[in-house]
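Visitor: Please take one part of this model and go through it closely. I have not seen it before, and plain words would help.

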Amino acid sequence: MARPRQFDEQNAVTSATELFWRRGYHATSVRDLGEELRLTPSSLYRTFTDKHTLFLRALDHYRATESAEAGERLHAGDRPVREVLREWMLWLVTCPPGGRGGLGCFVVNTATELGTTDEQVRRRTDAAFETTRRALRSLLAEGREHGELPAGLDLDATAELLFTVVLGLRVRERAGHDLGPLTTAVDAAIRSLGPAPGAPA
């Protein structure tokens with residue numbers, strides 16, 4: 001399994017991302033990576049230094065592609081904020097990027113596996129989580145400014161609540177929970193935003 005003459009390093013990172021996402025860090029061996037990437041162990045080490053370095057590159061790749069797509073869906077445009085939030089939260093658990101169900105979020109999976117023991121991983125997952133929090137807060141602020149959400153809505157606390165709900169949704173998706181209860185949780189989270197100003201309580 002010699003290194004191909006026209007080896008594409010970025011394609012290898014993409015393939016490694018898929019494998020780590022499915023199996024996690026500890027359950028993925030160097031041999032597994034070699035088979036997936038069609039590289040000998042020596043070629044893999046020569047290209048990526050070690051398994052941990054490749055894992056960090058895979059995590060960075062995921063954040064630059066899959067996480068970025070999820071973030072883009074939080075932009076309201078001319079649509080109602082509640083509608084955007086509900087569709088985004090359901091999309092996270094019903095239509096993950098590439099149509100892959102049951103994988104959860106690679107960042108969330110990684111945070112639960114390595115976030116307390118690997119500082120390099122923790123910095124990356126914390127940064128990804130903070131990006132999501134900021135996007136949620138920005139959307140909520142837009143809704144409050146446009147009169148869709150209560151004027152007294154605590155933006156920071158509400159963004160934290162929604163972020164925590166999202167983490168739970170991704171864990172439950174990976175665990176194979178049915179969509180029905182997850183939809184119930186999403187709808188309850190949306191109702192927690194309170195009635196629109198002027199609407200019946």
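Guide: Buried area is the accessible area, found with a 1.4 Å probe, that two parts lose on being put together, summed over both. That term is needed for the part chosen here, the meeting of domain 1 and domain 2. The model is a predicted one.

The setting comes first. The chain holds 9 helices and 0 strands, and its pattern along the sequence is α-α-α-α-α-α-α-α-α. Its C-alpha trace spans about 70 × 30 × 30 Å along the principal axes. Domain 1 covers 8-57 and domain 2 covers 74-192.

Between the C-alpha centres of domain 1 and domain 2 there are 29 Å. Where the domains meet, 11 residues of domain 1 are in contact with 14 residues of domain 2. The two domains bury about 1100 Å² between them, and 62% of that area is on carbon and sulfur atoms. On the domain 1 side, Trp21, Phe55 and Leu56 supply 57% of the area buried against domain 2, more than any other three residues.

Next come helix pairs on each side of that meeting. In domain 1, helix 1 runs over residues 9-23 and helix 2 over residues 30-37. Their axes come within 10 Å and cross at roughly 135°. Helix 1 and helix 2 are therefore oblique to each other, and their crossing is right-handed. From helix 1, the contact takes Ala12, Ser15, Ala16, Leu19, Phe20, Arg22 and Arg23, while helix 2 provides Asp32, Leu33, Glu36 and Leu37. This contact of helix 1 with helix 2 has 6 nonpolar, 1 polar and 4 charged residues.

In domain 2, one pair is helix 7 (residues 119-145) and helix 8 (residues 155-174), whose axes come within 9 Å and cross at roughly 130°. That angle makes helix 7 oblique to helix 8. The crossing of helix 7 past helix 8 is right-handed. On the helix 7 side the meeting residues are Phe129, Thr132, Arg133, Leu136, Arg137, Leu140, Ala141 and Arg144, and on the helix 8 side they are Leu155, Asp156, Thr158, Ala159, Glu160, Leu162, Phe163 and Leu167. Sorted by class, the contact of helix 7 with helix 8 has 9 nonpolar, 2 polar and 5 charged residues.

Another pair in domain 2 joins helix 5 (residues 81-94) to helix 9 (residues 179-191); the axes come within 10 Å and cross at roughly 155°. Angles over 145 degrees count as roughly antiparallel, and helix 5 and helix 9 are therefore roughly antiparallel to each other. Helix 5 also passes helix 9 in a right-handed crossing. Helix 5 brings Arg82, Leu85, Arg86, Met89, Leu90, Val93 and Thr94 to this contact, and helix 9 brings Leu179, Leu182, Thr183, Val186, Asp187, Ala189 and Ile190. The classes in the contact of helix 5 with helix 9 are 9 nonpolar, 2 polar and 3 charged.

To return to the part chosen at the start, domain 1 and domain 2 bury about 1100 Å² between them, with Trp21, Phe55 and Leu56 supplying 57% of what domain 1 buries there.

Definitions and conventions
Residues numbered from 1 in each chain as written. Predicted model: local features only at pLDDT ≥ 70, side-chain atom pairs only at ≥ 80, totals over all residues. Heavy atoms only, no water. Axes fitted to C-alpha atoms, helices over the stretch in contact; angles between N-to-C directions. Helix = DSSP H or I, 4+ residues; strand = E, 2+ residues; numbered from the N terminus. Parallel < 35°, antiparallel > 145°, perpendicular 65-115°, else oblique. Left-handed = near helix turned anticlockwise from the far one by under 90°. Contact = heavy atoms within 4.5 Å. Nonpolar A, V, L, I, M, F, W, Y, C, P; charged D, E, K, R; others polar. Domains from an automatic or database assignment.
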